[in-house]
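Me: Please take a close look at the aromatic pairing in this model, and set it against the surroundings it belongs to. A plain account will do, with the reasoning given where a label depends on a cut-off.

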Amino acid sequence: MSLKPEFRVLFHGFLAVLWLAVSGLPAQAQASEHAAPPAAPVPAASAASVVRLQPGSDEPDLEELLRQELREVPREVEVSAASRFAQSAAQAPAVTYVVTAAEIQRYGMRSLADILRAMPGIHISFDGGFSYIGARGLGRPADFNSRLLVLLDGMRVNENIYDAALIDGDFFADVDLIDRVEYAPGPGSAVYGNNAFLGVVNVITKRVDKLRGFQLRSSLDSEGQKRLRASWGWRGESGWEGWLSSSQMQHSRRSLMNEYPPEHEPALRALKWARDQRVLGGVRGDGISLQAGFSSVREGLPYFLTEDTWDLGQYNSRGVNTFYALDYERSLGAHWDLSLHLSGKRVDFQKHSPFLDGPDTVSFYNERSLGRWINGDLRLSTQLWAGHKLMFGLEYQRDLVQRVSAGADAYGDLFVFEGGNRRNGLFVQDEWRLNDAHLLVLGLRQDRARIGGSSWNPRLAWIWRARPDASFKLLYGSAFRAANLFEFQVNEPRALPTPEPERVRSLEAAWDQALSPQLQLRASAFVSRLRNLISLDDSPQPYFINSPRLRTEGLELGLEKRWDQGAQLRASLSLQRTRDPQGQGLSNSPHALLKLHYSRPLLGDRLQLGWQLQATSRRHTDGEDLPGYVVQNLNLLWRPASGHELSLGLYNLTQTRYFDQPVVQGYPLPQPRRSAQLSWTWSFE
C-alpha cells in the first residue's frame, strides 16, 4: 500500500523509534539463535516472578515484589477475546492487543475510552457526552459503536436499541476494577455473532486476590470533576469469594466546548453539569459466578430557546443500565468441559429538550429508549481426539422490550416504535494441531433471527511457529451486523425499507518476531471487503441506506522494548484506507495513527513516570477536512507508603487545539484541552 504524503512523517517517526530501540541492543542479543525457548502462557496482567536488584539497592517488600513488571517482553500472554476461552496469544486465531491494570495505573487512564484510545488502529472522537469508536479505517457517524462487540468478563454488553457499546461513565466497571482489556481486531462473528464486525473487546475485571480488603479512591481534576470509589472484597476458607464496589462522580460548571462572549459564559456553565453512579459486585465459588451491576449517568446542558437571543433553558438526560449474570463451569470427565451462561440486561435512556410553547411557557420535548433482553449460551469443549480441541456452542438472545418514543409535555406521545426479536446461534470451532510448528483453526457459525434473517460466518486460521522467537498467522473470516431498532425507526416514518444486514470479509497476515528477550516486533497487513454497509445518506433529513461495496486496506506495525532498569516502550503505527468503487474515502476515518507509550521508574517502584503520545492524520468529513493533531499525556504515580498511592495526570500536555466531527450534519467540535487530575488510593485489609 503506497504511503500518502500526509502521513509519511508519521511513518518516518515510527522508523526512528524502531532504530532507537534496536540500536540499544547488545550484539549477542540480536542473534536470533540465542532466543529462549517458548514458555508456558502467563496472564497478561501478572506481576513478574523475576526481580533484578541493582548492587547496593534495598530489597523490595512483598507488596512491591508483587507489582514488579517483567524485564523481558512476555511471549506467551494469555488472552480469551479471540476464541471465548483462555489460550496463548501466539496460538489465538486473531491478532490480540492487551492493556493491563499496571498500564492503566502507570498512564493515568480514566475510562474505558482512554484504554481503547491506546489500542493500535482505534480512533475515538467525543461529542461532549458520548465517545465514538472508529476501528481499522471505519468510523461511521451515528453508529454508536455498534460495529464493535464489547464484553464484560465474556458477557455481551452492547444494548438492544442502538446496539451501542458504552465506554464512558456508563460502562459498568470503574477502571480501577479492570484487570486487563483485550482487543481482537477483525471479524469475530464466527464465535460471537452479531456486532463482532470490526473486532471484539473483552474487559476482564480483577479477582478478589487483587481486591481483597477495603479500598478507597478519590480524585479531583482541574475542571472541578470529583470522583469517589469504595470497594470491598473477601475470601472465605471454603474457597468462595465476593466483592462489591460503588463509585460516584459529580461535575458542576463544566467547561464549554465552544467559545462564547465572556459575559454569557457564567450562565452557560451554570447549566452544564454531569453526575454518574456505578455499582458492581458478585460472588464466585465451586465453578459458579454470580455478578450484577448498575450504572446511571445524568447530564445537564444549556439549551438556546431561540436562535437570536440568549434565552436559555436546561436540557437534561439520564441513562440507567442494569445487568445480572450467572455463569457455571465444570468438568464432565477427563476430556469434556461445560460452560453455561445466563444474563439479563435493561437500558433506559431519556432526554428532555426545552422549547417555547408560548410567549412565557417553556415545555419539554421528551425522548425515551427502553430496552430489556436476556442472553444465554452453552459451550461444550473436548480434547478427546489427539491433536484436536473442539468447541461446540449454542447462543440465544430474546428482546423482551424494545421501545423508542418521543412526545411533548402538553401533547403526550407523538410517535412510538416497538420491536421484538429473537436470535439463535450455533457454532463449532476446531483447533487442529498438525505438529509442534503448525496449527489450524477451523470455525463456522450460523445465526438466525426473526428480524435480520440468517447468516453463515466461517473462520480459517493457519498459525505457523516458524522458529522459537517468531510466528506467522494467516487469518480469514467474515462478520455481519443486522439493522437495529434505531435504524428502523429513522426509516419507517418515510416508508423507507429497513437496510439489509451489512457484511465484511477479511484476510490478514501477521508476523511476530522477538529480536531479543527485551525487544519484540509485530507487523500485520489486512484487506477487507464490505458489502451493504449501513450508513446515513447526506440529504437534509438523513436516513439509513446500504452503501455500495467498499474495500479497506491496512498495515499495522508495532514494537515493544523493555530495559533492565524497568523502563518500557510500546509503539504502534496504523496505516489504513477505505474506498468506495469510485475511489472516494469515508468521512471520520483517519489514514494514519501513531501511538507511543513510555514509562520508567524514577525512584524504583515508589515513583513512576508514564508518557503517552497519540498522533492522528487529517480526516475527511462531510463539511471540511480536519487537520491532523498530536496529543501528549503525562502521569506520575507515587507510592509514599504501603497501601497508599498518589497519581497526578496531565492530559493534552501541550494544549493542542484539535477538532472532530462525530455526528452527521453537525459541525467540527473542539476536543478536550489541557487538564490535570490528582488521585489518591488507600487500601487496607
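**Aromatic pairs and their surroundings**

Reply: Trp-310 is partly exposed, since its relative accessibility of 35% lies between the 20% limit for buried and the 50% limit for exposed. The model is predicted. Tyr-260, with a relative accessible area of 26%, is likewise partly exposed.

Counting rings whose centres lie within 6.5 Å, there are 23 aromatic pairs. In one of them, the ring centres of Tyr-260 and Trp-310 are 6.2 Å apart and the planes meet at 80 degrees, so the pair is edge-to-face; the label requires an angle over 60 degrees. The two residues are 50 apart in the chain, and the pair links distant parts of it. Tyr-260 sits in the loop between strand 13 (241–251) and helix 7 (265–270), while Trp-310 sits in the loop between strand 15 (288–304) and strand 16 (312–331).

The strands on either side of the Trp-310 loop also supply a pair. The rings of Tyr-303 and Tyr-315 have centres 6.5 Å apart and planes at 15 degrees, so this pair is stacked, the cut-off for that label being under 30 degrees. Tyr-303 belongs to strand 15 and Tyr-315 to strand 16, twelve residues apart. The relative accessible area of Tyr-303 is 32%, so Tyr-303 is partly exposed. Tyr-315 has 14%, so Tyr-315 is buried.

Elsewhere, six aromatic residues form one cluster: Phe-130, Tyr-132, Phe-144, Tyr-162, Phe-486 and Phe-544. Rings also meet charged groups. Arg-136 places its charged end over the ring of Phe-526, 4.0 Å from the ring centre. Arg-275 lies over the face of Trp-273, and here the distance to the ring centre is 4.4 Å.

For the wider setting, the chain has 685 residues, of which 52% are buried. It contains eight helices and 37 strands. Of the contacts with a separation of 6 or more, 61% join residues 24 or more positions apart. The exposed area is about 30,200 Å², and carbon and sulfur atoms supply 56% of it.

Strand pairing shows how some of these parts are joined. Strands of a sheet pair through backbone hydrogen bonds, in parallel or antiparallel sense. Strand 11 (residues 213–221) runs antiparallel to strand 12 (residues 225–235), with eight bridges between them; Leu-216 stands opposite Ala-230. The two strands form a hairpin with three residues between them, and Gly-224 in the turn has a positive phi of about 90 degrees. Strand 11 is also joined by eight bridges to strand 37 (residues 675–684), again antiparallel, with Arg-217 opposite Thr-681. The side chains of strand 11 alternate: Gly-213, Gln-215, Arg-217, Ser-219 and Asp-221 point to one face and are buried, whereas Phe-214, Leu-216, Ser-218 and Leu-220 point to the other face and are not.

A separate item is an open sheet of five strands in the order 4-9-10-7-8, with mixed pairing. Strand 4 (97–100) and strand 8 (155–156) are at the edges with a single partner strand each, so one side of each has no neighbour in the sheet. Strand 7 (residues 148–152) and strand 10 (residues 199–205) pair in parallel over five bridges, among them the one between Val-150 and Val-201.

Two buried positions complete the view. Gln-397, in strand 19 (residues 388–408), has 8% relative accessibility and counts as buried. Its side chain makes polar contacts with the side chains of Asn-375 at 2.9 Å and Asp-399 at 3.1 Å. Beyond neighbours within four places in sequence, Gln-397 is in contact with residues including Arg-156, Trp-373 and Arg-423. Gly-610, in strand 32 (residues 607–616), is buried at 2% relative accessibility. With neighbours within four places left aside, the contacts of Gly-610 include Tyr-107, Tyr-598 and Asn-633. Gly-610 and Leu-637 are 27 residues apart in sequence and 8.1 Å apart between C-alpha atoms.

Terms used:
Residues are numbered from 1 along each chain as its sequence is written. This is a predicted model: local features need pLDDT of at least 70, side-chain atom pairs count only at pLDDT 80 or more; totals for chains, interfaces and linings use all residues. Side-chain values use heavy atoms; hydrogens and water are left out. Helices (H or I, at least four residues) and strands (E, at least two) are DSSP runs, numbered from the N terminus. Buried means under 20% relative accessible area, exposed over 50%, partly exposed in between (1.4 Å probe, protein chains only). A charge sits over a ring if NZ of Lys or CZ of Arg is within 6 Å of the ring centre and within 35 degrees of the ring normal. A polar contact is a pair of N or O atoms within 3.5 Å; within protein, one must be able to donate a hydrogen and the other to accept it, and residues adjacent in sequence count only if both atoms are side-chain atoms. Contact means heavy atoms within 4.5 Å. Accessible areas come from the Shrake-Rupley method with a 1.4 Å probe; for residues, only the protein chains shown count as cover. Two strands pair if DSSP finds at least two bridges between them.
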